[in-house]
Amino acid sequence: MYLLVIFFLILIIPFLVMPKHITANKKSPYEVIVISVLFICCASVLMFMTASMIGKGVFSQLHDFVVDISKMAANDPMVTKALKFEDLSDGERTAMVIKVYDAALKLIPSCIVMMGTIVSYIAYIILSRSLNKRAPVKLMPKFREFTFPNGAVVGLIIMYMLSWLLTSTGTFSDNSFYVNIDVLFDFIFFIQGMSVIFMLFYVKRIPKVFALILSVFMWYIFIGRTIFVMLGMFDLILGF
C-alpha cells in the first residue's frame with residue numbers, strides 16, 4: 001500500500017511543485033527538476049517514517065511478503081527449473097529466492113529517485129509548454145543538448161567514492177547504500193550517454209524514436225548499459 005502511495009506521489013508532486021518555479025522564470029529547467037525530485041524524496045522518506053511509527057516498516061512488510069512469495073515460488077516446478085534449483089532442498093530453494101528478492105528490494109530508494117526524475121522531466125515539458133501560452137517561460141532544452149552540471153558531477157563522484165569507502169570499511173551493516181549510489185551513478189551517466197546518441201541520430205537524420213528505443217533496450221543489457229555509461233563519462237570529461 002505504501003509503495004502505491006509513493007508511486008501516486010511521484011506522479012502528482014511535480015505538477016504541484018514545479019508550476020510556481022516555472023512561472024517565476026528564475027531557475028533553469030534542470031534546477032526545477034532537481035527541486036521536484038527532492039520533494040519526492042522527502043515525501044517518500046515521510047511515508048517510510050510513518051509506516052515505521054504506526055507499525056512495521058515498509059521494508060519489513062515487503063520482506064514478509066517476499067518470504068511468502070518465495071515459499072510458493074520455491075515449490076513451483078517451472079521456477080525451480082528456470083533457476084536451476086532442482087538439486088536443492090525446499091529450504092535452500094526458499095532461501096535463494098528470498099535472497100534474489102531482497103537484493104531487488106534494496107534498490108527501492110534509487111528506483112524512486114530515477115522514476116521521480118523521469119516523471120519530473122516529462123512534467124516540466126508539459127507544464128512549460130502549457131504555461132508558455134500565457135507568458136514566456138523557460139522551455140526544456142532539446143534532450144540532445146543535455147549536459148550534466150560539472151559541480152553536480154563532482155559531487156556525485158565524491159558520494160560514490162564515500163559510499164564505496166564506508167561500505168568496504170564495514171561502517172554500514174550491508175551494502176544497500178553503496179548499491180543505490182552505484183545505480184544512481186550509472187543512471188546519471190547513462191542519461192548523459194543517451195544525449196550523445198540522440199545528437200548522433202539527429203546529425204544522421206534518424207528519427208529520435210529509434211534513439212529512445214535503442215536506449216531503453218541498452219539499459220536492460222549489462223554491456224549496453226556499460227557502453228552508454230562510458231560514453232556519458234567521456235562526453236562529460238571532454239566538455240569539463
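Does I54 count as buried or exposed, and what is its relative accessibility? At 63% relative accessibility, I54 counts as exposed, because the cut-off for that word is over 50% relative accessible area. The model discussed here is a predicted one, and the points below take up a pocket, a surface patch, two loop residues and one residue of a helix.

**The second largest pocket**

- The second largest pocket holds about 210 Å³ of space, and its lining includes L3, I6, F7 and I10, together with A104, L105, L107, I108, C111, I112 and M115.
- Three helices each supply at least two residues of this lining, namely α1, which covers residues 2-24, α5, which covers 90-105, and α6, which covers 108-131.
- When the lining residues of the second largest pocket are divided by type, eleven are nonpolar, while no polar and no charged residues are found among them.

**A nonpolar patch on the surface**

- The residues V45, L46, M49, M53 and I54 make a nonpolar surface patch of about 550 Å².
- One of these patch residues, I54, has its place in helix α2, which is made of residues 29-54.
- To return to the opening question, I54 counts as exposed at 63% relative accessibility, and a residue can belong to a patch of this kind only if its relative accessible area is over 30%.

**Two loop residues with positive phi**

- N25 lies in the loop between α1 and α2, and its phi is near 60°, which is a positive value in a residue other than glycine.
- With a relative accessible area of 29%, N25 is partly exposed, because that term is used for values between the limit for buried, under 20%, and the limit for exposed, over 50%.
- R205 is found in the loop that lies between α8 (176-203) and α9 (208-219), and although R205 is not a glycine, it has a positive phi of about 60°.
- At 76% relative accessibility, R205 counts as exposed, since the value is to be read against the cut-off of over 50%.

**Y121 in helix α6**

- Y121 lies in helix α6, the helix of residues 108-131 that also supplies at least two residues of the lining of the second largest pocket.
- Y121 counts as partly exposed at 22% relative accessibility, because a residue is called buried only when its relative accessible area is under 20%.
- Along the chain, Y121 and M140 are 19 residues apart, and in space the C-alpha atoms of Y121 and M140 are separated by 8.5 Å.

How values were computed
Residues numbered from 1 in each chain as written. Predicted model: local features only at pLDDT ≥ 70, side-chain atom pairs only at ≥ 80, totals over all residues. Heavy atoms only, no water. 1 Å grid on protein atoms, 1.4 Å probe; cavity = no way out; pocket = protein on both sides within 12 Å on 5 of 7 lines; lining within 4 Å. Points joined across faces, edges and corners; volume = space filled by probe spheres on them. Helix = DSSP H or I, 4+ residues; strand = E, 2+ residues; numbered from the N terminus. Nonpolar A, V, L, I, M, F, W, Y, C, P; charged D, E, K, R; others polar. Patch = residues over 30% accessible without salt bridge, like charges linked within 9 Å, V, L, I, M, F, W, Y side chains within 5 Å. Areas by Shrake-Rupley, 256 points an atom, 1.4 Å probe, with all protein chains shown as cover. Salt bridge = Lys/Arg side-chain N within 4 Å of Asp/Glu carboxyl O. Buried < 20%, exposed > 50% of the residue type's maximum accessible area, 1.4 Å probe, protein only.
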